[in-house]
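Trainee: I would like a close look at a single part of this model, with charged side chains as the topic.

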Amino acid sequence: MALLKGKGAMTGVNLIAKVYKNGVTKDGKSQYADVQLDARDPRGPEQTNLHLKSDRVQDENGKVRYNNAAPYSTGQMEEIAKAAGPNTEPILDKGGNEVGTIYGFKGNVMPATRGTGLVVNTKSVEPSEFKVDDKTLDNQFASMRTARGARAAAKESQAQAPTRKAEQEQAVEVDEPAVG
């Protein structure tokens with residue numbers, strides 16, 4: 001899940017929403033959307049998980065997956081679509097069929113009142129600073145992969161740091177002549 005810390009970190013955030021056609025609830029009042037921090041937003045590059053919501057779920061076979069979708073009312077989805085305007089891209093399955101839409105927009109986020117993660121305050125949405133295209137999702141995954149690699153490298157160097165410091169201290173120890 002994206003971590004937005006500090007004063008103003010949750011305001012004016014460039015976001016993308018992955019909305020699948022089959023994500024509508026049975027009563028038709030809500031739509032599930034996977035809203036993510038846009039990797040091109042200044043807060044994005046160091047994030048190892050750009051999703052505003054990310055719950056670890058284990059199915060009956062013991063397989064672990066992540067649920068990144070949060071429910072938004074039909075009215076809230078209309079606000080997101082209106083803010084995105086023409087800044088959309090179809091989501092295609094392997095057969096080339098359109099199964100959803102990616103919306104690029106900007107807004108304020110806040111902690112979810114029900115459930116976990118962050119949600120978009122749809123009263124604050126406006127057009128994004130970035131254009132979504134057919135490479136947007138690939139760029140999102142590449143950004144998360146790069147951030148995970150950088151974090152792993154940082155942990156690796158921290159783990160080696162005490163060893164190097166001990167080696168340096170050993171090298172500095174010199175037998176001083178006894179004065180006597």
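Trainee: With which residue does K106 form a salt bridge, and how far apart are the closest N and O atoms?

Mentor: In this predicted model, the partner of K106 is E129, and their closest N and O atoms are 2.5 Å apart. K106 belongs to strand β7, whereas E129 sits in the loop between β8 and α2 (136–172), so the salt bridge ties together parts 23 residues apart in sequence. The two ends differ in exposure: K106 is buried, at 14% relative accessible area, because the cut-off for buried is under 20%. E129 has 52% relative accessibility and counts as exposed.

The structure holds seven salt bridges, and two others can be set beside this one. K53 pairs with D55, with 2.7 Å between the closest N and O atoms; K53 is buried at 10% relative accessibility, while D55 is partly exposed at 22%. D134 and K135 form a salt bridge with an N to O distance of 4.0 Å. Here D134 is exposed, with a relative accessible area of 54%, and K135 is partly exposed, with 45%.

As for the surroundings, β7 (98–111) and β8 (118–127) are among the elements that give two or more residues to the largest nonpolar core. This core has 28 residues, and those touching the most other members include F105, V109 and V120. Beyond its neighbours within four places in sequence, V120 has contacts that include F105, N108, V109 and M110. Another core, of five residues, lies apart from the largest one and has I102 and V132 among its members.

Methods:
Residues numbered from 1 in each chain as written. Predicted model: local features only at pLDDT ≥ 70, side-chain atom pairs only at ≥ 80, totals over all residues. Heavy atoms only, no water. Core = buried A, V, L, I, M, F, W, Y, C linked by side-chain atoms within 4.5 Å. Buried < 20%, exposed > 50% of the residue type's maximum accessible area, 1.4 Å probe, protein only. Helix = DSSP H or I, 4+ residues; strand = E, 2+ residues; numbered from the N terminus. Contact = heavy atoms within 4.5 Å. Salt bridge = Lys/Arg side-chain N within 4 Å of Asp/Glu carboxyl O.
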